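Please find below my note on the structure you sent for comment. The points are numbered for ease of reply.

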Amino acid sequence: EMIMLHTLVLQRIGFGADQVQWFIEGGATETEVLNRLLLNNNPLGDDGLTTISESMIISLQELHVSGCGVTGLSQDTMVNLVALAPSLRVLDLSENEVGGHLGPLVTWLASYQDHHSLRTLNLNNVGLGDDGFAGLAPVMSVLQELYCSRNNITSNGLESLLRLDSFILLKALDLSHNAITEQGVHFLMDRFQQEQKRSLWNPNQRSSNIGKLVLAGNDLTPGAARSANAYAKIHLPLLQMIW
């Protein structure tokens, strides 16, 4: 008999690699209707993530493995997760030590856009740094929501990514609690305005429709925030900025 289970929550229960193996071998995930799997804050590690990737559920739309001890050694496993679940729209890898080891995932997402449905990627507090953040440029034409809070991103990293001409489909960007200065915010605003102008010049060209930008907890003065808000009101009236 088919298990009619749409959401499965197994958070903070000490679920490790061995438990995941037992859980899957027992047929607990043999369902055609499971949409959301939340395993946050369990000691899965890289082995546990590998086990999950080898048994991905075809119907899965959200996978949350925040704070599960995953490292950069799982860079190929992350590709398998997305490749074997074509309906997956949300992947939460936050609070894991993946650092800048997201190259294979980023490349696959950008190269095989017709083979996956991923639109939201949560990379909060994964140790990206400037180089890791700039390396996300290829997926800016794929994702709709990108979360990069608490990643030691500076204005240099922000500018490096924006110069690569990749913002197209992104609707929400979270850069809160990094080290971005007023210079970086000005560059960001200018870039979004450029995207808007492109869509006016060529309506058939896909362009950024950014609606939410989170910059709380950065190296910004109240004056810088007021200036950016004033600019956005005139040039980006649909943009919601959170300070």
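Is helix 2 (residues 45–53) largely enclosed by the rest of the structure or exposed, and why?

1. Helix 2. The model is a predicted one. In it, helix 2 is largely enclosed by the rest of the structure, because seven of its nine residues are buried. The buried positions are Gly45, Asp46, Gly48, Leu49, Thr51, Ile52 and Ser53. Asp46, Thr51 and Ser53 are thus among the buried residues of this helix.

2. Overall composition. The protein contains eight helices and nine strands. Of its 243 residues, 51% count as buried. The exposed surface amounts to about 11,400 Å², of which carbon and sulfur atoms supply 49%. Where contacts link residues at least 6 apart in sequence, 85% of them join residues at least 24 apart.

3. The sheet. Nine strands form an open sheet in the order 1-2-3-4-5-6-7-8-9, and their pairing is parallel. Strand 1 (7–9) and strand 9 (240–242) are the edge strands, each pairing on one side only. From one strand to the next, the twist averages 5 degrees. As an example of the pairing, strand 5 (residues 120–122) and strand 6 (residues 145–147) run in the parallel sense and are joined over three bridges. Within this pair, Leu121 has Leu146 of strand 6 as its bridge partner.

4. The nonpolar core. In soluble globular proteins, nonpolar side chains tend to be buried together. Here the largest nonpolar core holds 68 residues, and Leu136, Leu146 and Met189 touch the most other members. At least two residues of this core come from each of helix 1 (17–25), helix 2, helix 3 (75–83), helix 4 (103–111), helix 6 (155–162), helix 7 (182–201) and helix 8 (222–235). Leu146, already noted as the bridge partner of Leu121, is also touched by Leu136. Not counting residues up to four places away in sequence, the other contacts of Leu136 are Leu102, Val106, Leu123, Leu128, Cys148 and Leu161.

5. Ser94. This residue lies in the loop between strand 4 (90–92) and helix 4. Its relative accessible area is 5%, under the 20% cut-off, and therefore Ser94 is classed as buried. The side chains of Ser94 and Ser66 are joined by a polar contact of 2.8 Å. Leaving aside neighbours within four places in sequence, Ser94 is in contact with Val65, Ser66, Gly67, Asn122, Leu123, Asn124 and Val126. Among these, Leu123 is also touched by Leu136.

Definitions and conventions
Residues numbered from 1 in each chain as written. Predicted model: local features only at pLDDT ≥ 70, side-chain atom pairs only at ≥ 80, totals over all residues. Heavy atoms only, no water. Buried < 20%, exposed > 50% of the residue type's maximum accessible area, 1.4 Å probe, protein only. Helix = DSSP H or I, 4+ residues; strand = E, 2+ residues; numbered from the N terminus. Pairing = 2+ DSSP bridges. Axes fitted to C-alpha atoms, helices over the stretch in contact; angles between N-to-C directions. Core = buried A, V, L, I, M, F, W, Y, C linked by side-chain atoms within 4.5 Å. Contact = heavy atoms within 4.5 Å. Polar contact = N/O pair within 3.5 Å; in protein donor to acceptor, adjacent residues only side chain to side chain. Areas by Shrake-Rupley, 256 points an atom, 1.4 Å probe, with all protein chains shown as cover.
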